[in-house]
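User: I'd like to go through the strands of this model. Short questions, short answers, please.

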Amino acid sequence: ALRARTRAQRLIAMTDYERVPVYKARRPGSSSEAAAWRKYTHPLIFRHKGTPTHVEFSPVAPHDFCVASSLQVDIFSSRSNAVYRTLTRFKDTVCCTAYRHDGKMLAASDERGVTQLFDLGSRAVMRTMRGHTKAVRAVRFSPDGGRLYTGSDDMLVSCWDVAAEETVRTFEGHTDVVRCLRVSGAAGEHTGAHRLVLSGSYDHTVQLWDVSAPRPVMTVRMGEPVEDCL
């Protein structure tokens, strides 16, 4: 009797069962998006002597890229994915790099607070900017390449005249290390066309600067350390 009752209960429970439809996954279509994704292959892995500290793409086709690590900067070909040039004129760890708008010159800064400008054709050091007392973590060219902006652990943002190799203006306002910079204007514009510089810091602020004024024209409080700004 017990077995018959248990079997009856199972039959009653089965009456509530509903079959769940199973659909086959559709194959990728022939759209342009699907075709673009099919071009991706396994990621390439590059080994470096030290921890990479910065990666930057050239703004000029074929858009080669550089990787800063330890005491050198490796320039990679975007076509062959191989190193074709290495910059080694550093006495301390390289922190960051920046291409000039024409892709012919590269700025690279280090832990000593020194920023060097390299001619990528000859690998020669064209300019050396000394003035910061601590590591330079951010480097940006003005749109026409006539000015260079640097942000440092000494909490300062400096504007340099590239031709004269001198500081034009120093911006004071952050209370912790400066980690990132952005300069307004389109590539190739005359120096007078760009007016604004954006800096982010571990003091939890992003500050907007007019290049003609020593104090920020706007301060935005983020509530957390700022690593980068776009």
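User: Which residue takes a positive phi in the hairpin of S10 and S11?
Analyst: The model is predicted. S10 and S11, residues 156-161, pair in the antiparallel sense over five bridges. Their hairpin has three residues between the strands. The one with a positive phi, near 75°, is methionine 155.

User: Which residue takes a positive phi in the hairpin of S9 and S10?
Analyst: S9 covers residues 136-141 and pairs with S10 in the antiparallel sense, over five bridges. Five residues lie between the strands of this hairpin. The positive phi, near 80°, belongs to glycine 145.

User: In S10, what is the bridge partner of alanine 138?
Analyst: The partner residue in S10 also stands opposite valine 157 in S11. That residue is glycine 151.

User: How many residues of S10 are buried?
Analyst: S10 spans residues 147-152 and is mostly covered. Buried means under 20% relative accessible area. Of its six residues, the number buried is five.

User: Which strands stand at the edges of the sheet with S6 and S7, and why is one side of each left without a neighbour?
Analyst: The open sheet has four strands, with antiparallel pairing, in the order S5-S6-S7-S8. Each edge strand has a single partner strand, so one side has no neighbour in the sheet. Neighbouring strands here are turned by 20° against each other on average, direction ignored. The edge strands are S5 (94-99) and S8 (125-129).

User: Which residue in S6 stands opposite threonine 97?
Analyst: S6 covers residues 105-110 and runs antiparallel to S5. Five bridges join the two. Opposite threonine 97 stands alanine 108.

Terms used: Residues are numbered from 1 along each chain as its sequence is written. This is a predicted model: local features need pLDDT of at least 70, side-chain atom pairs count only at pLDDT 80 or more; totals for chains, interfaces and linings use all residues. Side-chain values use heavy atoms; hydrogens and water are left out. Two strands pair if DSSP finds at least two bridges between them. Axes are lines fitted to C-alpha atoms, for helices over the stretch in contact, and angles run from 0 to 180 degrees between N-to-C directions. Buried means under 20% relative accessible area, exposed over 50%, partly exposed in between (1.4 Å probe, protein chains only).
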